[in-house]
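Here is a small set of exercises to work through with the model open beside you. Try each task before you read its solution.

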Amino acid sequence: MRVRTWPVVGVVFAVLWVLVRGLPLTPISLVRGSLAGLIVGLPVAFVFRRLYSKHLDLGRGVRALPYAGLYLGAFTWELLRANLDVAYRVLSPGMPIEPEVILVPLRVESDVAITVIANSITITPGTVTLDYDDETNALYVHGVNGHDPEAIAEPIRTWEDYALELFDEEASPSDPPPAIVVSGGERDRRPGRQDGGDDDD
């Protein structure tokens, strides 16, 4: 069912109003807060209606809710794991940090999906989105765990699988993701190799 977008956005603003106000959980206070939120939210949504699409497919939105929950769950888990990992690295003797920049090609193509994934990377400790390459549809990602670049890309791919469904992208989670590119190239792990030196024969 397609409906105009701005009233839905106004209702979302009203719900956010109730949540941020921290109202007592009594029926009368929730009703008053909701009405106040609608009085503020609907006009604001109407004034800024040109910032979003004119119509919204509510059925599509309802079908996307499970994937939003899965995305949020996967992101929360990675956030907790990354916090512990960074804390371990900071507290460990010698601070085992091996930074690396990788290029992560994306299957998502919409601006909102790319933005959500890029922000998720930056919010997660130990990684930050440096830039977006429009020509290759890829993110430059800096990570502290450069010893295993695939470990940096793994949670990003999980988020992207859910984002493909959440934002109704053309690609599918079953499509194989493009290979990442490590900025430093292939690492030389030969025994006895001294970094920064040249072999003289």
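Angles between helix axes run from 0 to 180 degrees between N-to-C directions, and an angle over 145 degrees counts as roughly antiparallel, while one under 35 degrees counts as roughly parallel. Keep in mind that this is a predicted model.

**Exercise 1. Helix 4 and helix 5**

Task: Work out whether helix 4 and helix 5 are roughly parallel or roughly antiparallel, and list the residues that meet between them.

Solution:
- Step 1. Begin with the geometry: helix 4 and helix 5 (residues 149–166) pack with their axes 10 Å apart, at an angle of about 150°.
- Step 2. Compare that angle with the cut-off of 145 degrees. Helix 4 and helix 5 are therefore roughly antiparallel to each other.
- Step 3. Add the handedness: helix 4 and helix 5 make a right-handed crossing.
- Step 4. Find the contact. From helix 4 come I117, S120 and I121, and they meet I156, W159, E160 and A163 of helix 5.
- Step 5. Sort these residues by class: 5 are nonpolar, 1 is polar and 1 is charged.

**Exercise 2. Helix 3 and helix 4**

Task: Describe how helix 3 and helix 4 are placed relative to each other, and say which residues they bring together.

Solution:
- Step 1. The axes of helix 3 (residues 58–91) and helix 4 (residues 111–123) come within 10 Å and cross at roughly 25°.
- Step 2. Since the cut-off for roughly parallel is under 35 degrees, helix 3 and helix 4 are therefore roughly parallel to each other.
- Step 3. The crossing of helix 3 with helix 4 is right-handed.
- Step 4. On the helix 3 side look for Y71, F75 and L79, which meet V116, I117, S120 and I123 on the helix 4 side.
- Step 5. By class, this contact has 6 nonpolar residues, 1 polar residue and no charged ones.

**Exercise 3. Helix 1 and helix 2**

Task: Find out which term describes the arrangement of helix 1 and helix 2, then look at the residues in their contact.

Solution:
- Step 1. The axes of helix 1 and helix 2 come within 7 Å, and they cross at roughly 140°.
- Step 2. Roughly antiparallel needs an angle over 145 degrees, and angles outside the named ranges count as oblique. Helix 1 and helix 2 are therefore oblique to each other.
- Step 3. Helix 1 and helix 2 cross in a right-handed way.
- Step 4. The helix 1 residues in the contact include W6, V9, F13 and W17, and the helix 2 residues include L30, L38, L42 and F46.
- Step 5. The residues of this contact divide into 15 nonpolar, 5 polar and no charged.

**Exercise 4. Buried, partly exposed or exposed?**

Task: Place T5, V40 and V62 in the right accessibility class.

Solution:
- Step 1. The cut-offs are under 20% for buried and over 50% for exposed, with partly exposed in between.
- Step 2. T5 lies in helix 1 (residues 5–21). Its relative accessibility is 5%, so T5 is buried. Beyond its neighbours within four places in sequence, T5 is in contact with Y52, S53, K54, H55 and L56.
- Step 3. V40 belongs to helix 2 (residues 27–47). With a relative accessible area of 39%, V40 is partly exposed.
- Step 4. V62 sits in helix 3. Its relative accessible area is 55%, so V62 is exposed.

**Exercise 5. Two loop residues with positive phi**

Task: Locate N137 and D168, and decide for each whether it is buried or exposed.

Solution:
- Step 1. Recall the background: most residues other than glycine have a negative phi.
- Step 2. N137 is not a glycine, yet its phi is positive, near 50°. Look for N137 in the loop between strand 4 (127–133) and strand 5 (138–143). N137 has a relative accessible area of 12%, so it is buried.
- Step 3. D168, also not a glycine, has a positive phi of about 55°. D168 is in the loop between helix 5 and strand 6 (181–182). Its relative accessibility is 54%, so D168 counts as exposed.

**Exercise 6. Distances across the model**

Task: Find how many Å separate the centres of domain 1 and domain 2.

Solution:
- Step 1. The protein is divided into domain 1 (2–53) and domain 2 (67–182).
- Step 2. Taken over C-alpha atoms, the centres of domain 1 and domain 2 are separated by 32 Å.
- Step 3. For a residue pair, take V40 and V116: they are 76 residues apart along the chain, and 27 Å separate their C-alpha atoms.

Notes
Residues numbered from 1 in each chain as written. Predicted model: local features only at pLDDT ≥ 70, side-chain atom pairs only at ≥ 80, totals over all residues. Heavy atoms only, no water. Helix = DSSP H or I, 4+ residues; strand = E, 2+ residues; numbered from the N terminus. Buried < 20%, exposed > 50% of the residue type's maximum accessible area, 1.4 Å probe, protein only. Contact = heavy atoms within 4.5 Å. Domains from an automatic or database assignment. Parallel < 35°, antiparallel > 145°, perpendicular 65-115°, else oblique. Left-handed = near helix turned anticlockwise from the far one by under 90°. Nonpolar A, V, L, I, M, F, W, Y, C, P; charged D, E, K, R; others polar.
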